[in-house]
Amino acid sequence: MIGTLNTENKLSNLLSNIHDAGYSDGLEQFLKDNLEYEYRFKKMEGSIAFRLNNEYNSRCLVINSDLGNIPENLSQTFDQVYSLETDNEKSLIQKLRFEGNKIHNIKLVKSEDQSLPFPDKHFDLVVLNGIKIKNQNNHFESELNDYLKEIKRVLTKNGCLCAGVHNKRGLKIFEREIGDDKNKKNFLSSFDGYKAIFNSLGFQVKSYWVLPSHEKPHYSGNIEDDVSLTWFFQNFDKKFSVDKKFSVVGKFLKTLNPKTRRLLVKQFSPSFLFYCYSDKIPENLEDVIVKNTGLKSLIQNIRHSKIMYILLDKFGEPKKILFCKLDKYDLKEKIFPIKRIFPDMQDPDEKITIENWMSGEILDPLNNNDVYLTMDWLTNFQNNTMSELLSPEEIEEETNRLKHDLSEIDAMKSLPYEKWIEEYKQYINSIKIRKTAVHGDFQVRNILVDRQNSSVNVIDWDWRFQEKGNPIYDFIWLSTNIMMLPNNTVDEFQSNLIGNGKATNVIKIIKDTMKKHFQHDLDFIKLQRFMILRFITIKIKDGTLGYLLYIKMLRVLSQQAH
């Protein structure tokens, strides 16, 4: 874990960068050398309260708001958001962040003691992002009890306290988050300890497990719902299949009975989410989903631009997959059913969509048979959607647009991207490729392999889908995604690029498939370089900063080309 002093120095350096270059460029410069901090600037990581959407979403407060993920996330669903952070540098970073992102409904507040500077019954929601006790003595529970009473005071009758907390017994298989405060101690209790305190104050409590942590709430579900917990345990290693260190844990989890499952998650889940209601529990978005689908067991999966729900029947079989936009809900929204039949593959412009569950497990990128099945699916999909030749005019238009978009990214100025784009343009014009439908985000997590039926299903058809596009995109993006696994690093990418990485064999399968499919021995580096350039602009459109990793990959590709 990065030391506190080191963390403080880094945040000071970030502020200096922002003052010199502006928020966006300053943050970009900072993350070039501190990519481990990127998740603390991802709006998606602030989604711990999304399921609490209801008709009372007017005013909310975020306590321990860190660098602003949760306030920015909630600014889309609440009219007013108050962000409370006692660290001056973090508050200033938030101020510059919200100004830079043109967010005007977040107000920064300070409170140096345990009292909250707000009137009674002021907030529909209070988010407690970790419990920190300022006093360095042994009266944690007493201080916490007083602080929670103060939070309850400012909640409306239908209000909710959303507490994301660390478990003192939590498994350490997930890395601990960076950036502990030097003047505060994290109150790390157990599940029973937290719940006993909330219950003693008269809260109506609903408790949820969350993985990897409440700072990264990628998967979560109701602890008391054994159906969803069983399914997640049975599929744990598949959900985290890109990291093989979870395979042993996954095998163990499959052997547990219901009582042991609940006991284990309460004892060892790295984090918990407690939703504590000051009076009655109002209907929320998840209640509406259950009422309208008849499926009572659900698992939430946070994605970059939407929230996904896996809906299971009473036997634990997944039946539906539902997507919600990050938006404000009044609970009158209809759930829009979709059935993807080409060319209607893209998500419709509705707040909530639902479709039938697709069978299969997430593609194992090191399993040759999985990759062969995926290549068969992709080549068949492209053959069935093939249309006219990709014209020189279309190539010219795309390359010019890409040059323009990249010219506005400060980090690209040190790279000869215009030369690379020109090389690609000349090369792709010489190949003569026919347009096909393009998924646009054809990567491991969006590919489900049904090994029993030797078939593949593909999910997450978002705005990147093209009815008529360049068929090379999906091949190259899948290859690039696989070359970075299991740890999503440049080192993994480089080792696979030079032919001694774990994915070397499956990359050869993809290249051989491309050679046969396009009837051309393709220049993989020229194509991959262009696709990464293109993906950098997509990452920026998604509102994420992950493109800095891809800039490092471009430098590796440049060295390899020489």
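Okay, let's start with W461 and F465: both of them are buried, and buried here means under 20% relative accessible area, with exposed being over 50% and partly exposed in between, using a 1.4 Å probe and protein chains only. Their ring centres are 5.7 Å apart and the planes sit at 70°, so the pair is edge-to-face. For that label, rings of Phe, Tyr and Trp (its six-membered ring) pair if their centres lie within 6.5 Å; planes under 30 degrees apart are stacked, over 60 edge-to-face, and the rest tilted.

Before I go on, this is a predicted model, where local features need pLDDT of at least 70, side-chain atom pairs count only at pLDDT 80 or more, and totals for chains, interfaces and linings use all residues. Residues are numbered from 1 along each chain as its sequence is written, and side-chain values use heavy atoms, leaving out hydrogens and water.

Back to the rings. How many aromatic pairs does a search of the whole structure find? It finds 26. F535 and Y550 form an edge-to-face pair, 5.2 Å centre to centre with 70° between the planes. That pair links distant parts of the chain, with F535 in helix 18 (residues 524-541) and Y550 in helix 19 (residues 547-561), 15 residues apart. F535 and Y550 are both buried. There is also an aromatic cluster, made up of F191, Y194, F198, F203, F272 and F274.

Now the overall picture. The protein chain has 19 helices and 20 strands; these are DSSP runs numbered from the N terminus, helices being H or I with at least four residues and strands E with at least two. Of its 562 residues, 58% count as buried. If you take contacts (heavy atoms within 4.5 Å) with a separation of 6 or more, 73% of them are between residues 24 or more positions apart. The chain exposes about 24,200 Å², and carbon and sulfur atoms supply 47% of that; the areas come from the Shrake-Rupley method with a 1.4 Å probe, and for residues only the protein chains shown count as cover.

Next, have a look at strand 12, residues 306-312. Are its residues mostly covered or mostly open? Mostly covered: seven of its seven residues are buried. K306, M308, I310 and L312 point one way, while I307, Y309 and L311 point the other way. In a regular strand the side chains alternate between the two faces of the sheet.

Strand 12 has a partner in strand 11 (residues 297-302), running antiparallel and joined to it by six bridges; two strands pair if DSSP finds at least two bridges between them. Those two form a hairpin with three residues in between, and Q300 stands opposite Y309. Strand 13 (residues 318-325) also runs antiparallel to strand 12, with seven bridges joining them. Across that pairing, M308 stands opposite F323. The hairpin of strands 12 and 13 has five residues between the strands, and G316 takes a positive phi near 85° there.

On to charges. By the rule used here, a side-chain nitrogen of Lys or Arg within 4 Å of a carboxyl oxygen of Asp or Glu, the count is 33 salt bridges. One of them joins K90 and D66, whose closest N and O atoms are 3.3 Å apart. K90 lies in helix 4 (residues 88-100) and D66 in the loop between strand 1 (59-63) and helix 3 (69-74), so the pair ties together parts 24 residues apart in sequence. K90 is buried at 3% relative accessible area, and D66 is buried at 17%.

K468 and E388 make another salt bridge, at 3.5 Å. K468 is in strand 20 (residues 466-469) and E388 in the loop between helix 12 (368-384) and helix 13 (392-407), 80 residues apart. K468 is partly exposed at 43%, and E388 is partly exposed at 36%.

Within helix 13, E397 and R401 meet in a salt bridge at 3.8 Å, N to O. They are four residues apart, so about one helical turn separates them. Salt bridges that share partners also join R303, K306, R340, D347, E355 and D460 into one network.

Last topic: cysteines. How many disulfides does a search of the whole structure find? Zero, where a disulfide would be a pair of cysteine sulfur atoms within 2.5 Å. For C160, the closest cysteine sulfur is in C162, 6.5 Å away, so it is too far for a bond. C160 is buried at 4% relative accessibility, and C162 is buried at 0%.
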